[in-house]
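Got the viewer open and a selection box ready? Let's walk through this one stop at a time, picking something to select and saying what is there.

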Amino acid sequence: MTFNDDRSLDPRIDAYIQAARQMQSGNFRIEIPIEREDAIGQLGRMLSDLAVSLDQRYQEFARIDQITMEINSGLLLDEILDKIYRDFQVLIPYDRIGLALLEDNGTRITAHWARSSSQEIHITRGYTAVMTGSSLQTIMNTGEARIINDLEVYLRQKPDSQATRDIVAEGMRSSLTCPLAANDIPVGFLFFSSKQPNTYTENHIQIFRRIANQVAVIVEKGKLVSELAQQKLKIEQQNKELRRLNEMRNTFLGMAAHDLRNPISTIQLAAHLLVMEDPQKHGDPDSIVNDILNQTDHMLQLLNDLLDVTNIEAGKLDIKREPVELHPYLEHIISHHRHVAATKNMTVTLEAAIRAEVHIDPQRIRQVIDNLASNAVKYSPPGSDIVIRSHLDQQGWRLEVIDQGPGIRQEDQKLLFQNFSRLAIKPTGGESSTGLGLAIARRIVEAHDGQIGVQSEPGSGSCFWFQLPVKG
């Protein structure tokens, strides 16, 4: 008799074929007629049981996917673990979940997190134990979860197990210990515990086995993110403390510089009075009084620079822009440097002094120009020429100070505009330097939304320049 003949004899066969096709397409909630308990009826009952079993398994996998997606949405490790404690109840029964992580190259296990329905938790963060020779080492080596369905009996058998004693003291009576390995690398353990004995079965191990690697990877991800967050918080706290210390330093320097300026000014005034009273005796460049004047000039310049730096770093550099006619402004500034340069038989020439209006803080920009021009005079050889050139273009107003000095090495140029930078080259007339002038000049130019720099080669002189927008 052919298969088609059987179908014509018993219509249930057609129904079973259709049911099999429904299950093949993923529909397990179907009605399968049994009618008679003959051989074909037994086949129908087996198909019906298979449909129920597959539906249960499908729903279980759907719940697992939903839960793993939910816990994967967490970022920090504690947040992920809280989601596990909240949602895993539909997969595995528990009254308590704990996480312990491997440390010291897997030689120690340390409790990291626990949640429990008990009022008191004995095994908390920081609880640690040696892995070598422990039952946990065996679990990790085999990768197989362990069930203890009567913790009180287990404790009587192993009275030295402090962890078991503590978990029993919390009211737990059965446990499921699940090893975690992310991509075959041991990470730690999840401990499920119940207040009821005989809670766990092989089915619970199978359920966890299906999601063990995903959970381990998620936990490891959360651990790394948590560590990064802790490092970020630590760095922020350190930066806050550094800012506080920097503010204290600036306050101290400002107070010290301000308090020192008055007595030094008094000494300088007294030296001036001595020169005025007896010019022939004290006006000699080699006289002690003249040396006092030079030293107090240098000290006052250093104190003024320190006050500028502390104010700048404290964010107190106020820029008060106003329209300035460029030509007379530059001529007035350069005239002072011509007199100083003449003492070293040098010339200072102002080229291309364009007649235009710029919006700047005239006092602050004068500091910049004075610094660049005085450095050119200070480091250039006697008898040389210094050229100061300015021009306007689409980028803004640019001023250049060009000297015939020794030039500056590339590695030294990186240090020029930093606080207290000192270079190998020395002033040609023995002049003093605070090492702050160019750093202050940079801050002033940047406060004007401008740029400052240098072009130089050893043996070819230097061109210091700054550029500002036409209007601030």
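How many residues lie between β5 and β6 in their hairpin, and which residue in the turn has a positive phi? Keep in mind as you zoom in that this is a predicted model. Two residues separate the strands of the hairpin, and Asn183 is the one in the turn with a positive phi, at about 55 degrees.

**Stop 1: the β5-β6 hairpin**

Select residues 174-182 for β5 and 185-194 for β6. The two strands are antiparallel and share nine bridges. To get the register, put labels on Ser174 and on Ser194 in β6: these two stand opposite each other.

Now go back to the loop between β5 and β6, where you'll find Asp184. Asp184 isn't a glycine, yet its phi is positive, at about 70 degrees. For background, most residues other than glycine have a negative phi. Is Asp184 buried or exposed? Its relative accessibility is 75%, so Asp184 counts as exposed.

**Stop 2: the other partner of β5**

Keep β5 selected and add residues 146-148, which make up strand β4. β4 and β5 run antiparallel, joined by three bridges. Here the pair to label is Ile148 and Ser175, with Ser175 on the β5 side.

Why can β5 be called largely enclosed by the rest of the structure? Because eight of its nine residues are buried. The cut-off behind that word is a relative accessible area under 20%.

**Stop 3: a pocket**

Switch on a pocket display and go to the second largest pocket, which holds about 680 Å³ of space. To centre the view, select Ile123, Leu136, Ala163, Thr164 and Phe191: of the 34 lining residues, these are the closest to the centre of the pocket.

Which strand gives the most to this lining? That's β2, residues 108-116, with five residues. Colour the lining of this pocket by residue class and you should get 19 nonpolar, 11 polar and four charged residues.

**Stop 4: a loop on the way to β8**

Jump to Asn345, in the loop that links α11 (326-342) with β8 (347-351). Here is another positive phi in a residue other than glycine, near 60 degrees for Asn345. With a relative accessibility of 62%, Asn345 counts as exposed.

**Stop 5: β8, β10 and β11**

Carry on into β8 and add β10, residues 385-393. β8 and β10 run parallel, with five bridges joining them. Thr347 has Asp385 of β10 opposite it, which gives you a pair to label.

Next add β11, residues 396-403. β10 and β11 are antiparallel, with seven bridges between them, and they form a hairpin with two residues in between. Within this pairing, Ile388 stands opposite Val401 in β11. While side chains are on display, a general point helps: in a regular strand they alternate between the two faces of the sheet.

**Stop 6: Leu399 and its surroundings**

Stay in β11 and pick Leu399. Buried or exposed? Leu399 has 0% relative accessibility, so it counts as buried.

Which residues does Leu399 contact, leaving aside neighbours within four places in sequence? Select Leu330, Ile369, Ile388, Arg389, Ser390, Phe464, Trp465 and Phe466 to see them around Leu399. Then run a distance between the C-alpha atoms of Leu399 and Cys463: they are 9.9 Å apart, though 64 residues separate the two along the chain.

**Stop 7: Asn371 in α12**

Select helix α12, residues 362-379, and find Asn371 in it. Asn371 counts as buried because its relative accessibility is 14%. Not counting residues up to four places away in sequence, Asn371 touches Gly437 and Leu438.

**Last stop: zoom out**

Clear the selections and show the protein as a cartoon: there are 14 helices and 13 strands. Of its 472 residues, 40% count as buried. Turn on the surface too, and you have about 26,700 Å² of accessible area, 52% of it belonging to carbon and sulfur atoms.

If you like contact maps, plot the contacts between residues at least 6 apart in sequence: 65% of them join residues at least 24 apart.

Notes: Residues numbered from 1 in each chain as written. Predicted model: local features only at pLDDT ≥ 70, side-chain atom pairs only at ≥ 80, totals over all residues. Heavy atoms only, no water. 1 Å grid on protein atoms, 1.4 Å probe; cavity = no way out; pocket = protein on both sides within 12 Å on 5 of 7 lines; lining within 4 Å. Points joined across faces, edges and corners; volume = space filled by probe spheres on them. Helix = DSSP H or I, 4+ residues; strand = E, 2+ residues; numbered from the N terminus. Nonpolar A, V, L, I, M, F, W, Y, C, P; charged D, E, K, R; others polar. Buried < 20%, exposed > 50% of the residue type's maximum accessible area, 1.4 Å probe, protein only. Contact = heavy atoms within 4.5 Å. Areas by Shrake-Rupley, 256 points an atom, 1.4 Å probe, with all protein chains shown as cover. Pairing = 2+ DSSP bridges.
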